[in-house]
Amino acid sequence: MNAKNDRATWLKGASFHCSIEPAPHPRPYRLVLLGAPGVGKGTQAELLGERLGACQLSTGDVFRAAKTLDPCERTPALSQALDFMQRGELVPDTTVLDMVRERVGCLRCQGGFLLDGFPRTVAQAEALERILAEERLQLDAVLSYDLPLERIVSRLSGRRTCSACKAVYHQETRPPKQAGKCDQCGGSLFQREDDRPEAVRVRMEAYEKSTAPLADFYRRRNLLVSISAEGSPEEIFQRTAEALR
Ligand code: AP5
């Protein structure tokens, strides 16, 4: 995430305005990041956001932000979505798409966008295609990150996330300067509920069944760019930048 972009509209909904909006970019990138849970999409979105100026639009972050709302402020669909998420299952397409449509202004953003965790099913990808066509916008590429399963599980088990700005750390490979505190905003770090082993298994199954077919969907549209997620975040970022060139 670009530390300068607060993503208020994306995280809280269309009635909230970002206090600092991305500067108009001479070449706004509009990208989708694909890959299994824990492969490092969020980490790459953060690095890409810093260098390209575009916001990381993570659907998972929107659902996690909704957890902090008072239960009476949540719609029934949102409360139900949080139950799905806690178990590691996919949230129903209708709930996800309603939420994205409500934030369509973020897709129009002059800084571009980095969609992280959306689309996740073929139905969501088809809906995104329709939304972008209505907005006369086009995707530049779909970045698909690959890593063997055992490496992914170790990335997930050590992950810690900032409760305020959502920056992502890892206990061993990307520790914060001060234990338990975010380097960017000083917020406290927590372990996600769906990083428990049982929920991780369910998430991997959902990925194989519903999300992996998206690689073919985007390959057929000549948008898929496959990138190895081996190595350090910076090495993977360099590979990504090279692929985008
Ligand atoms: P979401 O929040 O999207 O989670 P995810 O796709 O499961 O992906 P993660 O955030 O777990 O992993 P990541 O690939 O971003 O990895 P990260 O960079 O954090 O979704 C959560 C849930 O919400 C879903 O299960 C579902 O219920 C629901 N949901 C969301 N969107 C939905 C949709 N569209 N439809 C339906 N349901 C939806 O990295 C992981 C760790 O590894 C970190 O600790 C990081 O520091 C570390 N790391 C990263 N890169 C490296 C590296 N190169 N070397 C070493 N460590 C690294």
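This is a short tour of the ligand site, the empty spaces, a small sheet and two backbone details of a predicted model.

**Stop 1: the ligand**

Start by selecting the ligand and the residues around it. There are 35 of them, and those that come nearest are Thr43, Glu89, Arg159, Tyr169 and Arg203. Colour this shell by residue class and you will have 14 nonpolar, 12 polar and 9 charged residues.

Now look for polar neighbours of the ligand's oxygen atoms. At Arg120, an N or O atom of the side chain is 2.7 Å from an oxygen atom of the ligand. Val39 and Gly40 take part through their backbones instead: a polar backbone atom of Gly40 is 3.0 Å from a ligand oxygen, and for Val39 the distance is 3.3 Å. How much of the ligand's accessible area does the protein cover? On its own the ligand has 1,000 Å² of accessible area, and the protein covers 97% of that.

Next, show the cartoon to see which elements surround the ligand. Helix 2 (41–52), helix 3, helix 8 (149–157), strand 6 (168–170) and helix 11 (233–244) each supply at least two residues of the shell. Helix 3 gives the most, with 4 residues.

**Stop 2: the second largest pocket**

Select Leu11, Lys12, Gly13, Val62 and Arg103. The second largest pocket holds about 690 Å³ of space, and of the 30 residues that line this pocket, those five are the closest to its centre. Helix 3 appears again here: along with helix 1 (8–12), helix 4 and helix 5 (93–102), it supplies at least two residues of the lining. By class, the lining has 16 nonpolar, 6 polar and 8 charged residues.

**Stop 3: the cavity**

Rolling a probe the size of a water molecule over the atoms shows where empty space is left. How many cavities of 30 Å³ or more does a search of the whole structure find? The search finds 1, and about 40 Å³ of space lies in the largest cavity.

To see its walls, select Arg64, Lys67, Leu82, Met85, Gln86, Arg192, Glu193 and Asp194. This lining divides into 2 nonpolar, 1 polar and 5 charged residues. Helix 3 (59–67) and helix 4 (76–87) each bring at least two residues to the lining, and helix 4 gives the most, with 3 residues.

**Stop 4: a small sheet**

Switch back to the cartoon and find strands 5, 6 and 7. They form an open sheet of 3 strands in the order 6-5-7, with antiparallel pairing. Strand 6 and strand 7 (189–190) stand at the edges with a single partner strand each, so one side of each has no neighbour in the sheet.

Zoom in on strand 5 (residues 159–162), which pairs with strand 6 in the antiparallel sense over 3 bridges. Show Arg160 here, and opposite it you will find Tyr169 in strand 6. Tyr169 is a residue you have already met, as one of those that come nearest to the ligand.

**Stop 5: two backbone details**

Stay with strands 5 and 6 and select Lys166, in the loop between them. What is phi of Lys166 near? Its phi is near 70°, a positive value in a residue other than glycine.

For the last selection, choose Phe118 and Pro119. A cis peptide bond joins these two residues, with omega at about -5°. Pro119 lies in the loop between strand 3 (112–116) and helix 7 (122–134).

Methods
Residues are numbered from 1 along each chain as its sequence is written. This is a predicted model: local features need pLDDT of at least 70, side-chain atom pairs count only at pLDDT 80 or more; totals for chains, interfaces and linings use all residues. Side-chain values use heavy atoms; hydrogens and water are left out. On a 1 Å grid over the protein atoms alone, a cavity is a set of points where a 1.4 Å probe fits but cannot get out, and a pocket is an open set with protein on both sides within 12 Å along at least five of seven lines; lining residues have an atom within 4 Å of a point. Grid points are joined across faces, edges and corners, and a volume is the space filled by probe spheres set on the points. Ala, Val, Leu, Ile, Met, Phe, Trp, Tyr, Cys and Pro count as nonpolar, Asp, Glu, Lys and Arg as charged, and the others, Gly among them, as polar. A residue is near a molecule or strand if one of its heavy atoms lies within 4 Å of it. A polar contact is a pair of N or O atoms within 3.5 Å; within protein, one must be able to donate a hydrogen and the other to accept it, and residues adjacent in sequence count only if both atoms are side-chain atoms. Accessible areas come from the Shrake-Rupley method with a 1.4 Å probe; for residues, only the protein chains shown count as cover. Two strands pair if DSSP finds at least two bridges between them.
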